[in-house]
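Q: I am new to this structure and would like a close look at one part of it. Could you walk me through how that part is put together?

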Amino acid sequence: MEVGQGLLLALAILAVCCLPALFALLFCADEIIDRVACGWAEWREQRRERRTIARLDRAIEAEALTRDIDLTEFDKDGRRPLEQLATDLRRLGGHRLAAADRSVVWHGAVIEAYDERLRAACHALGIAEHLAELDGVDREIERVRVEGLLHAAGLTLPAARAAHHQRHR
């Protein structure tokens, strides 16, 4: 009988020691359930987002769009960051479009710098351009074509977006 009483005493001590944890569990059950439910909902939402992104990648064939771009070009030390090229292109494009009151030499220098940045952006994105080989109207047409391709690649330039909408009456 002593073994039974010792076991009963051990169980009683264990029950008394666990009683505060049992009360905390009882009083905080709604908080615990809420945290588990929120965690589950967040996990499901993240999973749904990942599946949606994967579906969109397959739908637009994202791999095919980036297959021809050499991503190692972006890691070279001597390469100017694409963000810096975009900033330069926007700044120089604004100067180029608003150069009516400037000298011919200044305007030519701005256009040359703008074309150099266009070539660098095209090289960084793997877009074929022929600005260096052309001059005159052919070069202007090539510039518009390149600006359109860069705009399609996500680089918004002053000449590529419609700043002034023509009104039809």
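**A close look at helix α5 and its partners**

A: Happy to help! Read along the sequence, this predicted model follows the pattern α-α-α-α-α-α. In other words, the protein has six helices and zero strands. Of its 169 residues, 18% count as buried. Among contacts between residues at least 6 apart in sequence, 55% join residues at least 24 apart.

Let us turn to helix α5, starting with its partner α4. Helix α4 covers residues 82-97 and helix α5 covers residues 104-125; their axes come within 9 Å and cross at roughly 150°. Angles over 145 degrees count as roughly antiparallel, so α4 is roughly antiparallel to α5. The crossing in which α4 passes α5 is left-handed.

Who takes part in this contact? On the α4 side you will find Leu82, Leu85, Asp88, Leu89, Leu92, Gly93, His95 and Arg96. On the α5 side, the residues include Trp106, His107, Val110, Ile111, Ala113, Tyr114, Arg117 and Leu118, and also Ala120, Ala121, Ala124 and Leu125. Sorted by class, the residues of the contact between α4 and α5 are 14 nonpolar, three polar and three charged.

Now for the other partner. Helices α5 and α6 pack at an angle of about 45°, with 11 Å between their axes. The two helices are therefore oblique to each other. Their crossing is left-handed. From α5, the contact uses Ile111, Glu112, Tyr114, Asp115, Leu118, Arg119, Ala121, Cys122 and Leu125. From α6, the residues are Arg139, Arg143, Val146, Glu147 and Leu150. By class, the contact of α5 with α6 has eight nonpolar, no polar and six charged residues.

Next comes the nonpolar core. In soluble globular proteins, nonpolar side chains tend to be buried together. Here, the largest nonpolar core has 18 residues. Those with the most contacts inside this core are Leu89, Tyr114, Leu118, Ala121, Leu150, Leu155 and Leu157. The elements that give two or more residues to the core are α4, α5 and α6, the last of these spanning 136-152. Helix α5 gives the most, with seven residues.

Three residues are worth finding in the 3D view. Tyr114 is found in helix α5. With a relative accessible area of 0%, Tyr114 is buried. Leaving aside neighbours within four places in sequence, Tyr114 is in contact with Leu89, Leu92, Gly93, Arg96, Arg143, Glu147 and Leu157. You can also look for Arg91: the C-alpha atoms of Tyr114 and Arg91 are separated by 9.0 Å, although the two residues are 23 residues apart along the chain.

Leu118 is another residue to look at. Not counting residues up to four places away in sequence, Leu118 touches Leu89, Leu131, Arg143, Val146, Glu147, Leu150 and Leu157. Leu118 is listed on the α5 side of the contact with α4, and Leu118 also appears on the α5 side of the contact with α6.

The third residue is Arg139, which is found in helix α6. Arg139 has a relative accessible area of 15%. Buried means under 20% relative accessible area, so Arg139 counts as buried. Not counting residues up to four places away in sequence, Arg139 touches Glu112, Asp115, Arg119, Leu131 and Leu134. The C-alpha atoms of Arg139 and Asp115 are separated by 9.5 Å, with the two residues 24 residues apart along the chain.

Finally, here is another helix pair to set beside these. Helix α1 covers residues 2-27 and helix α2 covers residues 29-60; their axes come within 4 Å and cross at roughly 60°. That makes α1 oblique to α2. In this pair, Leu25, Leu26 and Phe27 of α1 meet Ala29, Asp30 and Ile32 of α2. By class, the contact of α1 with α2 has five nonpolar, no polar and one charged residues.

Technical notes:
Residues are numbered from 1 along each chain as its sequence is written. This is a predicted model: local features need pLDDT of at least 70, side-chain atom pairs count only at pLDDT 80 or more; totals for chains, interfaces and linings use all residues. Side-chain values use heavy atoms; hydrogens and water are left out. Axes are lines fitted to C-alpha atoms, for helices over the stretch in contact, and angles run from 0 to 180 degrees between N-to-C directions. Angles under 35 degrees count as roughly parallel, over 145 as roughly antiparallel, 65 to 115 as roughly perpendicular and the rest as oblique. A crossing is left-handed if the near helix is turned anticlockwise from the far one by less than a right angle, and right-handed if clockwise. Contact means heavy atoms within 4.5 Å. Ala, Val, Leu, Ile, Met, Phe, Trp, Tyr, Cys and Pro count as nonpolar, Asp, Glu, Lys and Arg as charged, and the others, Gly among them, as polar. A nonpolar core is a set of buried Ala, Val, Leu, Ile, Met, Phe, Trp, Tyr and Cys residues joined through side-chain atoms within 4.5 Å. Buried means under 20% relative accessible area, exposed over 50%, partly exposed in between (1.4 Å probe, protein chains only).
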